[in-house]
Amino acid sequence: MTLFKKPWKLTDGFLFGGVIVLVGLILQLALGPVNWGLISSPVNLILLVLFLAFVVAAFLLKKRSGFFAWLGSPAAAVPSIAWTLGLTIVMGLTAQVPSKGWLGNMISFWPFVLCYIWLTVVVGLVALNHMTRLGRSWREIPAVLNHLGLFVTLVCATLGSVDKKELMMTLHEGETVSTAETEDGTSYDTGISVRLDDFTMETWPNGMPKRFASDVVVKGKSGKETSAVIEVNKPLKVDGWKMYQYGYDEEAGVEGKMSILQMVKDPWLPLVYLGIFTMIAGAFLMMIVGFRREDVK
Amino acid sequence: MSWDSFIYFAAAAVILWALGAAQAWFGKRTSAIINYSLGILVFFSFILAMWISLERPPLRTMGETRLWYSFFLAVAGMIVYSRWKYKWILSFSTIMSLVFIIVNLLKPEIHSKNLMPALQSPWFAPHVIVYMFSYGMLGAATLMALYVLVFRKEKTTAEDISTADNLVATGMAFLTFGMLFGALWAQEAWGTYWAWDPKETWAAITWMAYLLYVHFRIARPKDWANAMWILILAFICLQICWWGINYLPSAHATSVHVY
């Protein structure tokens, strides 16, 4: 029996992925779909600290444990990507409608979630491996940025998604409103009062919408009134919220005097942006440098 | 300028490309590069004229993105030829471009100037152009994979595989730009940088498939045959993401990207 004999090779990695999926299926049967609501703040902050501690500990243990050494190696990267890819393909082929069972709700499907966590651990370890080699060669920079950026993006996008607030504010011309509704219809006092002075809609000659915009006066915490125009692709920032032009009275069309604004607050967004821009910088450098020859020989 | 004049520009470009490709076979590098570049210039002038007459970048419909794809395939072929001197690459990129030109001639999908509000964004042009350039490079990498698997076989050299690696490196970088620009744009337009919309899911799949290639090359550097197969599978994912998704029942009901 050569399986799971150290050091682990690609085949062992593929089997390990199979074990992860199996564990995921057992969890799915035992607990039902992942309940993301359970990890909203402050649980997600605790999870962040624990997760980072785990990755750093795994990195420090790699000299002593063959398993952790493997986890940050290409022999783990390939199977973790392959398994995650496979489950994402399943997601791409099935309509994501939660009423259609497990596969209709992949982002709460335990095997899917566990594979992504596995992938994230590998990415974090590989980032640390490349960082320790930075002193020896500047050619490590693109790999450090690519892995670190992806790690920050995956971790913060996942843990941050549960703290994201999305509200809908319905406005009628001339009225001042400060409440907005959550997705399930609960009313929420935003502390921001908005008066809709004018809703404008322009159409193309064939009647297709060309532009819709809300002319508003907004009063936030500071108590200062500011007038602004909110339109598609041009959101307004107030007290940590971003207000997007979302909907309008579709029946009335151009004549409509109603506007729906979407209010979004995503406290983890700056971290996700940090990750995204790090990845862009990494990709840019990779384009110039190419893959490192000593790696692919 | 309209699609009516496309055939003249396309014919002129293809003739110049065919001339350049023939010269490349006979080792006349300088004249091959000059003629091929002229062809690219002619083709791009049509894109530019369309841009001006439409009063928006021609990037919205499938037909318009195919225009850019033909263009970038030629550009990618040209870059590979001038850097690595494969005499066959210009013929391949010409044939590939020609396929997309013919599809456009038979099925131009003429659309008016109208651009819905969500698409009126400074992110629109870089998002699509970067993706099309990436598709061009990755298309060239796929050709390389087929060339290796069908023609080179045991005679495959380290240089053949390293050409594929280099094409994927560039294509992958642009694929990353395209995906992340899309995320930044979505954040500006809808307040959500990632929503697992089917197009986004397939973009992630495509990205991961090329990621798999890159890491497989590191893990099993000598197993080039399987690496080339991964490239071909990755390109199939790319095609599903680009247009195949329009035919997927799973996507039709829920995607904002079906057009």
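1. Let me start in chain A, where the axes of helix H1(A) and helix H5 (residues 110–132) come within 7 Å and cross at roughly 140°. That angle makes H1(A) oblique to H5(A), and the crossing is right-handed. On the H1(A) side the contact uses Ile20(A), Val21(A), Val23(A), Gly24(A), Leu25(A), Leu27(A) and Gln28(A), while H5(A) brings Trp110(A), Pro111(A), Leu114(A), Cys115(A) and Trp118(A). By class that comes to ten nonpolar, two polar and no charged residues. Bear in mind throughout that this is a predicted model.

2. While you are on H1(A), take a look at Val19(A), which sits in that helix (residues 10–31). Is Val19(A) buried or exposed? Exposed, because it has 11 other C-beta atoms within 10 Å, and the cut-off for exposed is 12 or fewer. Its C-alpha atom is 9.7 Å from that of Pro111(A), a residue 92 places away along the chain.

3. One backbone detail to check by eye in chain A: the peptide bond from Ser41(A) to Pro42(A) is cis, with omega near 5°. Pro42(A) belongs to the loop between H1 and helix H2 (43–60) of chain A.

4. Further along chain A there are two residues with positive phi that are not glycines. Asn233(A) has phi of about 70° and lies in the loop between S5 and strand S6 (236–238). Asn233(A) counts as partly exposed, because 19 other C-beta atoms lie within 10 Å; 20 would have made it buried. Asp239(A) has phi near 45° and is found in the loop between S6 and strand S7 (241–248). With 12 other C-beta atoms within 10 Å, Asp239(A) is exposed.

5. In the same part of the chain, Glu231(A) is a residue of strand S5 (residues 225–231). Glu231(A) is partly exposed, since 17 other C-beta atoms are within 10 Å. Which residues does Glu231(A) contact, leaving aside neighbours within four places in sequence? Those are Arg211(A), Phe212(A), Ala213(A) and Gln245(A). Tyr246(A) is 15 residues away from Glu231(A) in sequence, and their C-alpha atoms are 8.5 Å apart.

6. Over to chain B, where H4(B) packs against two other helices. Helix H1 (residues 6–25) and helix H4 (residues 89–106) of chain B have axes that come within 9 Å and cross at roughly 165°, so H1(B) is roughly antiparallel to H4(B). The crossing of this pair is left-handed. Among the residues that meet here are Phe6(B), Ala10(B), Val14(B) and Trp17(B) from H1(B), with Leu90(B), Leu98(B), Ile101(B) and Leu105(B) from H4(B). The contact has twelve nonpolar, five polar and no charged residues.

7. The other partner is helix H3 (residues 62–84) of chain B, which packs on H4(B) at an angle of about 175° with the axes 9 Å apart. H3(B) and H4(B) are therefore roughly antiparallel. Including Leu67(B), Leu73(B), Val80(B) and Tyr81(B) from H3(B), and Phe92(B), Met96(B), Phe100(B) and Val103(B) from H4(B), this contact divides into 14 nonpolar, six polar and one charged residues. Leu90(B), Ser97(B), Ile101(B) and Asn104(B) are listed in the contact with H1(B) and also in the one with H3(B).

8. A surface residue of chain B for contrast: Thr30(B), in helix H2 (residues 29–54). Thr30(B) is exposed because just 8 other C-beta atoms lie within 10 Å. Gly20(B), ten residues away in sequence, is 9.3 Å from Thr30(B), C-alpha to C-alpha.

9. Now the interior. The largest nonpolar core holds 166 residues, and those touching the most other members are Val122(A), Ala141(B), Val168(B), Tyr210(B), Leu212(B), Tyr213(B) and Leu231(B). H6(B) gives the most to this core, with 17 residues. Beyond four places in sequence, Ala141(B) touches Ala164(B), Leu167(B), Val168(B), Gly171(B) and Leu231(B).

10. Last, the interface: 45 residues of chain B contact 46 residues of chain A. Helices H6 (158–190), H7 (198–219) and H9 (249–252) of chain B each supply at least two residues to the side that touches chain A. Which helix gives the most to that side? H7(B), with 15 residues. The residues on chain B's side divide into 29 nonpolar, twelve polar and four charged.

Conventions: Residues are numbered from 1 along each chain as its sequence is written. Chains are lettered from A and ligands numbered from 1 in the order in which they are written. This is a predicted model: local features need pLDDT of at least 70, side-chain atom pairs count only at pLDDT 80 or more; totals for chains, interfaces and linings use all residues. Two residues are in contact if their C-beta atoms, placed from the backbone, lie within 7 Å. Helices (H or I, at least four residues) and strands (E, at least two) are DSSP runs, numbered from the N terminus. Ala, Val, Leu, Ile, Met, Phe, Trp, Tyr, Cys and Pro count as nonpolar, Asp, Glu, Lys and Arg as charged, and the others, Gly among them, as polar. Axes are lines fitted to C-alpha atoms, for helices over the stretch in contact, and angles run from 0 to 180 degrees between N-to-C directions. Angles under 35 degrees count as roughly parallel, over 145 as roughly antiparallel, 65 to 115 as roughly perpendicular and the rest as oblique. A crossing is left-handed if the near helix is turned anticlockwise from the far one by less than a right angle, and right-handed if clockwise. A nonpolar core is a set of buried Ala, Val, Leu, Ile, Met, Phe, Trp, Tyr and Cys residues joined through C-beta atoms within 7 Å.
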